[in-house]
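Here is a short tour for anyone who likes to read a structure with the sequence at hand. Take a moment to look it over, and then let us walk through it together.

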Amino acid sequence: MTAVVYEQREVRRARYAVAAVFAVHGAVTGSFATRVPWIQDHASVSAGQLGLALAFPALGASLAMPLAGRISHRFGARAALRGLLALWTLSLVLPALSPNLPTLCLALFVYGASAGMSDVAMNALGVEVENRLGRSIMSGLHGMWSAGALIGSAAGTLAAHLGADARLHHVLAAGVLTLLGQVACSWVLDLQPAEDEEPPPRFALPPKSALLIGAIGFCAVFAEGASLDWSAVYLRHQLDTSAGLAAACTTGFTLTMAVARIAGDRVVDRFGSVRTVRSGGVLAVLGGLLVVLAGHPAVAMTGFALMGLGIAVVVPLCFAAAGRSGPNPSQAIAGVATITYTSGLVAPSAIGGLAEATSLVVSFGLVTVLACGLAAFAGVLRAGDRDRPKVTPPAAAVPGPRS
């Protein structure tokens with residue numbers, strides 16, 4: 001009995017550790033995003049060239065994410081996460097050091113590749129902890145990522161306001177976040193492959209189950225990317241609001257998602273993944289309709305808030321379902337992550353292109369149609385609810401530290 005209690009304590013500690021890892025990962029993103037204008041000026045690139053460069057993180061992530069499973073198999077989950085997270089936090093320094101477009105593209109490729117690999121590794125460990133606890137935690141973990149991104153953004157905003165050189169800012173931020181990440185990684189589960197387990201392939205197409213789950217994630221991330229990048233523009237130009245009110249809409253959308261993710265695990269535990277995503281899809285569709293039909297800024301802001309509330313837990317639940325969908329969780333998670341990263345890359349430009357050809361109203365009509373997919377196809381997440389263990393595994397099932 002004492003051994004079981006001890007192992008339960010170890011798993012709970014691992015939960016807090018992986019939550020800290022998610023927060024560190026998000027803080028890197030927030031730190032980078034706020035200094036993009038400085039980086040653009042330092043590299044002397046135009047808006048169009050910057051748009052090209054900003055496609056390289058998604059490209060790097062998409063190509064590198066399948067490698068995460070093999071790295072975890074070779075070194076063990078804890079060592080792999082420690083190395084990949086350090087690579088991610090330290091890569092924050094590279095874009096600000098880039099003096100021109102080619103070096104900026106290369107820096108952002110490395111930045112995205114390390115982001116994607118560490119993303120897969122931490123989500124795989126999060127799914128494992130969730131399985132051992134027997135209750136949902138993935139929404140809360142992604143909520144911690146959002147909280148970390150907000151903290152990183154706040155620090156970056158302060159640095160920009162003070163006129164700090166982004167190179168100095170990012171060196172200091174990378175040092176602090178690397179230290180925090182390494183401490184957190186010391187307490188995550190140290191999972192080791194079985195002796196007869198075949199290593200995953202270096203590159204492989206996602207399994208069919210991951211494709212179906214990834215399609216749900218695609219719809220959610222498309223709505224998220226569209227709202228983050230275009231909600232302020234929608235209020236400013238479509239509804240003729242002030243710049244401050246338009247910016248507040250984007251901030252409100254981000255905060256809504258963060259709060260919903262942190263609180264989402266209790267909803268998932270009570271109603272299950274399928275009903276949660278289906279209900280969220282209905283909220284997202286309602287929000288999209290309010291945005292499309294809005295004649296007043298308050299109506300549109302309410303619509304964006306409902307959209308954020310509706311899609312907040314979808315991606316965490318997609319990762320959780322992918323991790324339980326087959327014999328190789330890392331490969332399935334990498335497949336879903338690749339699809340969602342692609343959606344995040346496509347959404348802003350797709351919305352802009354459609355808006356130029358028609359209008360922003362039509363663009364968000366497309367977002368609303370895609371949100372219908374959440375409600376219609378939420379059933380593909382059912383396996384994750386069915387397979388989730390209802391009790392904590394026995395003490396012997398929890399691996400000890402690597403010797």
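## A walk through the model

Asp240 sits in the loop between helix 11 and helix 12. This is a predicted model, so please read what follows as values computed from it. Asp240 has a positive phi of about 55 degrees, although it is not a glycine. Most residues other than glycine have a negative phi, which makes a positive value worth a look. Asp240 counts as exposed because its relative accessibility is 64%, and exposed means over 50%.

Ser44 is another residue to check for its backbone. Its phi is near 55 degrees, again a positive value in a residue other than glycine. You will find Ser44 in the loop between helix 2 and helix 3 (47–53). With a relative accessibility of 61%, Ser44 counts as exposed.

### The largest pocket

How many residues line the largest pocket? The lining is made by 47 residues, and Thr29, Trp145, Glu224, Leu228 and Asp229 are the ones that lie nearest the centre of the pocket. The volume of this pocket is about 1,900 Å³.

Several helices take part in the lining. Helix 1 (2–33), helix 4 (56–64), helix 8 (101–133), helix 9 (138–161), helix 11 (208–238), helix 12 (243–293), helix 14 (314–323) and helix 15 (329–357) each supply at least two residues. Helix 12 gives the most, with eight residues. Sorted by class, the lining of the largest pocket has 27 nonpolar, 16 polar and four charged residues.

### Salt bridges

The structure holds five salt bridges. Here are some of them, with the N to O distance for each pair.

| Salt bridge | N to O distance |
|---|---|
| Glu10 and Arg13 | 2.8 Å |
| Glu130 and Arg324 | 2.8 Å |
| Arg261 and Glu224 | 3.9 Å |

Let us begin with Arg261 and Glu224, whose side chains meet in a salt bridge at 3.9 Å. Arg261 lies in helix 12 and Glu224 in helix 11, so this pair ties together parts that are 37 residues apart in sequence. Both residues are buried. Glu224 may look familiar, as it is among the residues nearest the centre of the largest pocket.

Next come Glu130 and Arg324, with their closest N and O atoms 2.8 Å apart. Glu130 belongs to helix 8, while Arg324 is in the loop between helix 14 and helix 15, so the bridge links parts that are 194 residues apart in sequence. Are Glu130 and Arg324 buried or exposed? Glu130 is buried, and so is Arg324.

The salt bridge between Glu10 and Arg13, at 2.8 Å, stays within one element. Both residues lie in helix 1, three residues apart, about one turn of the helix. Arg13 is partly exposed, because its relative accessible area of 33% falls between the cut-offs of 20% and 50%.

### A cavity and a nonpolar patch

A search of the whole structure finds one cavity of 30 Å³ or more. The largest cavity holds about 40 Å³ of space. Which residues line the largest cavity? They are Phe32, Val36, Ile39, Leu50, Leu54, Pro95, Leu104 and Leu108. Helix 2 (36–43) and helix 8 are the elements that give two or more residues to this lining. By class, the lining of the largest cavity has eight nonpolar, no polar and no charged residues.

On the surface, Leu94, Leu97, Leu106 and Val110 make a nonpolar patch of about 330 Å². Helix 7 (93–97) and helix 8 each give two or more residues to the patch. Leu94 has its place in helix 7. At 34% relative accessibility, Leu94 counts as partly exposed, and residues in a patch need over 30% relative accessible area, so Leu94 passes that cut-off.

### One contact across the chain

Finally, have a look at Cys185, which lies in helix 10 (residues 166–185). The C-alpha atoms of Cys185 and Arg78 are separated by 6.5 Å, although these two residues are 107 residues apart along the chain. Cys185 counts as buried, because its relative accessibility is 0% and buried means under 20%.

Conventions
Residues numbered from 1 in each chain as written. Predicted model: local features only at pLDDT ≥ 70, side-chain atom pairs only at ≥ 80, totals over all residues. Heavy atoms only, no water. 1 Å grid on protein atoms, 1.4 Å probe; cavity = no way out; pocket = protein on both sides within 12 Å on 5 of 7 lines; lining within 4 Å. Points joined across faces, edges and corners; volume = space filled by probe spheres on them. Helix = DSSP H or I, 4+ residues; strand = E, 2+ residues; numbered from the N terminus. Nonpolar A, V, L, I, M, F, W, Y, C, P; charged D, E, K, R; others polar. Patch = residues over 30% accessible without salt bridge, like charges linked within 9 Å, V, L, I, M, F, W, Y side chains within 5 Å. Areas by Shrake-Rupley, 256 points an atom, 1.4 Å probe, with all protein chains shown as cover. Salt bridge = Lys/Arg side-chain N within 4 Å of Asp/Glu carboxyl O. Buried < 20%, exposed > 50% of the residue type's maximum accessible area, 1.4 Å probe, protein only.
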